[in-house]
Amino acid sequence: MAYFNPFRPSYMADPYSSLARLRSDEPVHYSETVNAWIITSYQYGLEVLQDYETFSSNPSRASSKVSESLAYVRQNSALGNVERLAQLDSFSHTRLRRIVARGFAPSILEKLRNDIRIEVSMLIDDLLGAHSGGVVEVVQSLAVKVPETILSLQLGLHVDDRDQVMSDTFALMQTNFNDVTVAKRRAAREAKVRLTEFLESVSHDERVASDSVLSSIARAEEISSDNTEEDLPSTEELLALVVDLAQAGSATTAEAITNGILAFAISDTAQSALRENSELLDSAVDEILRFDPPQQVLVRWVTSDLLFSGVQMKENDVVMVLVGGTNRDPDVFENPDIFDVERYRSNSGSDAPPSLAFGRGSHYCVGAPLARIALQEVFRSLLEKTSSFRLSDQMEPGSLPRTEDWFARGPKALEISVTL
Ligand code: HEM
């Protein structure tokens, strides 16, 4: 019987060997440790993510322990008891998703690329300017700064509004977790008032770019004009969309940057290949996300008893798609444990399918095109401004400081030694 324990330090250091064993022994495995079905094969992962009628994203089906914790979070959230985009299915999901999806159209994002390039380049200048003896720490000095920058550009914020809107959004986000304090709740209530006023002002003046996602959220009423009165999103729902974008796009993007820097820092071959041929940049970014995905676990709930891949699942069972497993499935990816920046090169002949780093199906990451642009610009700039970088002598790839959260992946700190 395959054994799975994601709480062990050795799993945090390297989940991939354990996931490979599981995928080969039992690609759909019931884990008593986490009380859930663990899916590690690409094909089964796809089937789960593409069938929201059988595998729901709505946690109201969760066991009493999980539902109690969610109910607690909702009660304490300054946003009130609103439904969240990522936790809805079917029409209620589409109703909210289409409000934000407009602001992520590739044509709109490509127009932002130049601004993203300029701001990312400045962040990297700061990073490299602050090095001591050639060593820089990239998590706090770069990775966590990029998401806020790209989000404020993508929301369409005027530079004068940026700091206040972003700090209010993050203050509201703080009440979405289990550790809400009185101070956090008070700060979130004040932030909610300011952000509501801001959204109202946006809907009738030119404070944000007209094709931005914030403009789309503020004018949701016009977008939903074909709907009935009760279908119109409430102010809380609109605020929740802003917060959800920030929440879904922050740690993930920062971790993808750190995981990518780590992958290049320990692979001279990959770094040289990309330095010699910058046309590999897009492929390299998709490979970073396949090789070491930031969001490792996608959770669903079974809507009715069913036989799936030969195992009997019951209504309300929890199913977890382990992206670290699916993305290294040897039935789908050749030499899956090799970090190969040419894997997604359009004429490489490998025909590697998209990994599940951004999910699949109706909840496919709405921010994926923005995240890709951000990563492309980070690595373009980093490689242009340095002649090489490697892991600092103080760090061991197998024992980097990591969070205890097995749902996410990215070192808490990462030092690289840079040659300019
Ligand atoms: C490298 C960075 C990113 C990664 C790896 C990532 C990953 C993912 C994944 C795996 C999902 C699907 C979750 C599921 O099916 O349960 C998702 C959904 C989502 N992501 Fe991202 N994401 C990233 C960046 C972003 C950014 C920059 C934004 C916004 C600015 C964003 C906004 C969202 C939203 C709103 C959803 C929920 C979509 C829905 O439920 O319809 N993400 N993301």
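Which residues does L383 touch, leaving out residues up to four places away in sequence? L383 touches L274 and R275. Keep those names in mind while we walk through the rest of the chain, and remember that what you have in front of you is a predicted model.

Let's start with the whole thing. The protein chain holds 17 helices and 10 strands. A compact globule of 420 residues would have a radius of gyration near 22 Å, and the chain has 22 Å, so the two agree. If you draw a box along the principal axes, the C-alpha atoms fill roughly 60 × 55 × 45 Å. Of the 420 residues, 41% are buried. Looking at contacts with a separation of 6 or more, 75% of them join residues 24 or more positions apart.

Now to the ligand. How many residues surround the ligand? There are 24, and the closest are A248, G249, G359, C365 and G367. Two elements give two or more residues to this shell: α13, covering 235–265, and α17, covering 368–385. The largest share comes from α13, with 7 residues. As for chemistry, the shell splits into 15 nonpolar, 7 polar and 2 charged residues.

Those two helices turn up again around α15, which runs over residues 281–291. Is α15 mostly covered or mostly open? Mostly covered, with 9 of its 11 residues buried. The buried ones are S283, A284, V285, D286, E287, I288, L289, R290 and F291, and you'll spot D286, E287 and R290 in that list. What lies over these buried residues includes α13, α17 and also α14 (268–276).

Take the α13 side of that cover in more detail. The axes of α13 and α15 come within 9 Å and cross at roughly 100°. An angle from 65 to 115 degrees counts as roughly perpendicular, so that is the label for α13 against α15. The residues that meet are A256, N259, G260 and A263 from α13, and I288, L289 and F291 from α15. In this contact 5 residues are nonpolar, 2 are polar and none are charged.

With that part of the fold in view, go back to L383. This residue is in helix α17, one of the elements in the ligand shell and one of those covering α15. L383 has 18 other C-beta atoms within 10 Å, so it counts as partly exposed. Pick D14 as a partner for a distance check: L383 and D14 are 369 residues apart in sequence and 27 Å apart in space, C-alpha to C-alpha.

For a contrasting environment, try I217 in helix α11, residues 213–218. Is I217 buried or exposed? It is buried, because it has 26 C-beta neighbours inside 10 Å and 20 or more is what it takes to be called buried. Leaving out residues up to four places away in sequence, I217 touches I99, V100, L199, L238, L241 and V242. From I217 to V28 you cover 189 residues in sequence and 39 Å in space, C-alpha to C-alpha.

Then there is E197, which sits in helix α10, residues 182–202. E197 has 10 C-beta neighbours inside 10 Å and therefore counts as exposed. Its C-alpha is 39 Å from that of R380, and the pair is 183 residues apart in sequence.

Last stop: a couple of backbone oddities. Most residues other than glycine have a negative phi. S309 is not a glycine, yet its phi is positive, at about 50°. Where does S309 sit? It is in the loop between β6 (306–308) and β7 (311–313). S309 is partly exposed, because 15 C-beta neighbours lie inside 10 Å.

Move along to N316, another residue that is not a glycine and has a positive phi, this time of about 75°. N316 is in the loop between β7 and β8, with β8 covering 318–322. With 15 other C-beta atoms within 10 Å, N316 is partly exposed. So if you're scrolling through the backbone here, β7 has S309 in the loop on one side and N316 in the loop on the other.

Key: Residues are numbered from 1 along each chain as its sequence is written. This is a predicted model: local features need pLDDT of at least 70, side-chain atom pairs count only at pLDDT 80 or more; totals for chains, interfaces and linings use all residues. A residue is near a molecule or strand if its C-beta atom, placed from the backbone, lies within 6 Å of it. Helices (H or I, at least four residues) and strands (E, at least two) are DSSP runs, numbered from the N terminus. Ala, Val, Leu, Ile, Met, Phe, Trp, Tyr, Cys and Pro count as nonpolar, Asp, Glu, Lys and Arg as charged, and the others, Gly among them, as polar. A residue is buried if 20 or more other C-beta atoms lie within 10 Å of its own, exposed if 12 or fewer, and partly exposed in between; C-beta atoms are placed from the backbone. Two residues are in contact if their C-beta atoms, placed from the backbone, lie within 7 Å. Axes are lines fitted to C-alpha atoms, for helices over the stretch in contact, and angles run from 0 to 180 degrees between N-to-C directions. Angles under 35 degrees count as roughly parallel, over 145 as roughly antiparallel, 65 to 115 as roughly perpendicular and the rest as oblique. The radius of gyration is taken over C-alpha atoms; the globule rule is 2.2 Å times the number of residues to the power 0.38.
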